[in-house]
Amino acid sequence: MKALSLLPALLLLAACQSPNPYTASGKPLPPAPPEAASHFDRSAYPAAPRDYGRYRDWAWRQAPAGSAWADGALVAETVGNGLDQRGLRPVRGGKVADLRVSASVRLERRQYQVRDDYASYYGHGPYGDHYGLYGSVPLVRTYEVEVAVVRIELYDGASGEPLWSGSAEARGDGSQGERVAALRRAVEDALSAYPPQ
């Protein structure tokens, strides 16, 4: 019995002693070209983190267009107030703005589903014999609402390069006062991630 358990170990040891049938073959790497010592490839390294603190003022890249839900002047005022809360001021004196701002509002329709479980019980009460029948019927209701999607985009004032964008939704129904409040909340939500961490 001991010899049988020793047999796999001896076979494994014999396999390790046999010569390797595979041989390494390859050519050495060619020498680097002479210009490689002075060339710096920036694409091989991540971009330096952007300093959002240097952006202090802004101007419109394109004035917001109005819609039936909110006119362009209201959108411009609301976005301007939101930028002001983040320390960004409108550019003054004809200089080039640090940021160019674009804002838009569009109406979209969303579908939502609500599930209600209606249950009933028939049988004896909780005391005494416990028997009865319990049933549950799910009722799924689908309804559609209109939402206003606010999108804000920021561009570098000198290069025109896109820097940041954010969007948020607000319910599109209600009175004029309710829509103004919803627009303010949507702009606040859209700008909540600026500046990025």
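## Asp156 and its partners

Asp156 sits in strand β4 of this predicted model. With a relative accessible area of 7%, Asp156 counts as buried, because the cut-off for that label is under 20%. The side chain of Asp156 makes a polar contact of 3.4 Å with the side chain of Arg54. A polar atom of the Asp156 side chain also lies 2.9 Å from the backbone nitrogen of Ser159.

If you set aside neighbours within four places in sequence, the residues in contact with Asp156 are Arg54, Tyr55, Asp98, Glu161 and Leu163. Two of these names, Tyr55 and Leu163, will come up again with Leu99.

## The chain as a whole

Stepping back, the protein chain contains 3 helices and 5 strands, arranged along the sequence as α-β-α-β-β-β-β-α. Of its 197 residues, 24% are buried. The chain exposes about 14,700 Å², and carbon and sulfur atoms supply 55% of that area.

Contacts often reach across the sequence here: taking those between residues at least 6 apart, 70% join residues at least 24 apart.

## The largest nonpolar core

Nonpolar side chains in soluble globular proteins tend to be buried together. In this chain, the largest nonpolar core has 30 residues, and the members that touch the most others are Val79, Leu83, Leu99, Ile152, Leu154, Leu183 and Tyr194. Two or more residues each come from α2 (72-85), β3 (99-123), β4 (132-156), β5 (162-171) and α3 (176-191). Helix α3 gives the largest share, with 7 residues.

Leu99 is a good place to start looking around. Beyond four places in sequence, Leu99 touches Tyr55, Asp57, Trp58, Ala59, Leu88, Leu154, Tyr155, Gly157, Leu163 and Tyr194.

## Helix α2

How far apart are the end C-alpha atoms of α2? They are 20 Å apart, in agreement with the 20 Å expected for 14 residues at 1.5 Å a residue. The buried residues of α2 include Val79 and Leu83, along with Gly72, Leu74, Val75, Ala76, Thr78, Gly80 and Gly82. After the helix comes Gly87, which has a positive phi near 80°.

## Val91 in its loop

Val91 belongs to the loop between β2 (89-90) and β3. Is Val91 buried, partly exposed or exposed? Its relative accessibility is 24%, so Val91 counts as partly exposed.

Although Val91 and Trp58 are 33 residues apart along the chain, their C-alpha atoms are separated by 5.4 Å. Trp58 is also one of the residues that Val91 touches beyond four places in sequence; the others are Asp57, Ala59, Val96 and Ala97.

## Aromatic pairs and the C-terminal segment

There are 5 aromatic pairs in the whole structure. One of them is Tyr52 with Tyr55, a tilted pair at 6.2 Å centre to centre with 50° between the planes; both residues are buried. Tyr52 also pairs edge-to-face with Tyr194, at 5.7 Å centre to centre and 90° between the planes. Tyr52 lies in the loop between α1 (2-17) and β1 (57-62), while Tyr194 is in the segment after α3, so this pair ties together parts 142 residues apart in sequence. Tyr194, like Tyr52, is buried. Ring pairs link these three tyrosines and Trp164 into a cluster.

Next along from Tyr194 is a backbone feature worth a look: the peptide bond from Tyr194 to Pro195 is cis, with omega near -5°. Pro195 is in the segment after α3.

Methods:
Residues are numbered from 1 along each chain as its sequence is written. Side-chain values use heavy atoms; hydrogens and water are left out. A nonpolar core is a set of buried Ala, Val, Leu, Ile, Met, Phe, Trp, Tyr and Cys residues joined through side-chain atoms within 4.5 Å. Buried means under 20% relative accessible area, exposed over 50%, partly exposed in between (1.4 Å probe, protein chains only). Helices (H or I, at least four residues) and strands (E, at least two) are DSSP runs, numbered from the N terminus. Contact means heavy atoms within 4.5 Å. A polar contact is a pair of N or O atoms within 3.5 Å; within protein, one must be able to donate a hydrogen and the other to accept it, and residues adjacent in sequence count only if both atoms are side-chain atoms. The expected span of a helix is 1.5 Å times one less than its number of residues. Accessible areas come from the Shrake-Rupley method with a 1.4 Å probe; for residues, only the protein chains shown count as cover. Rings of Phe, Tyr and Trp (its six-membered ring) pair if their centres lie within 6.5 Å; planes under 30 degrees apart count as stacked, over 60 as edge-to-face and the rest as tilted.
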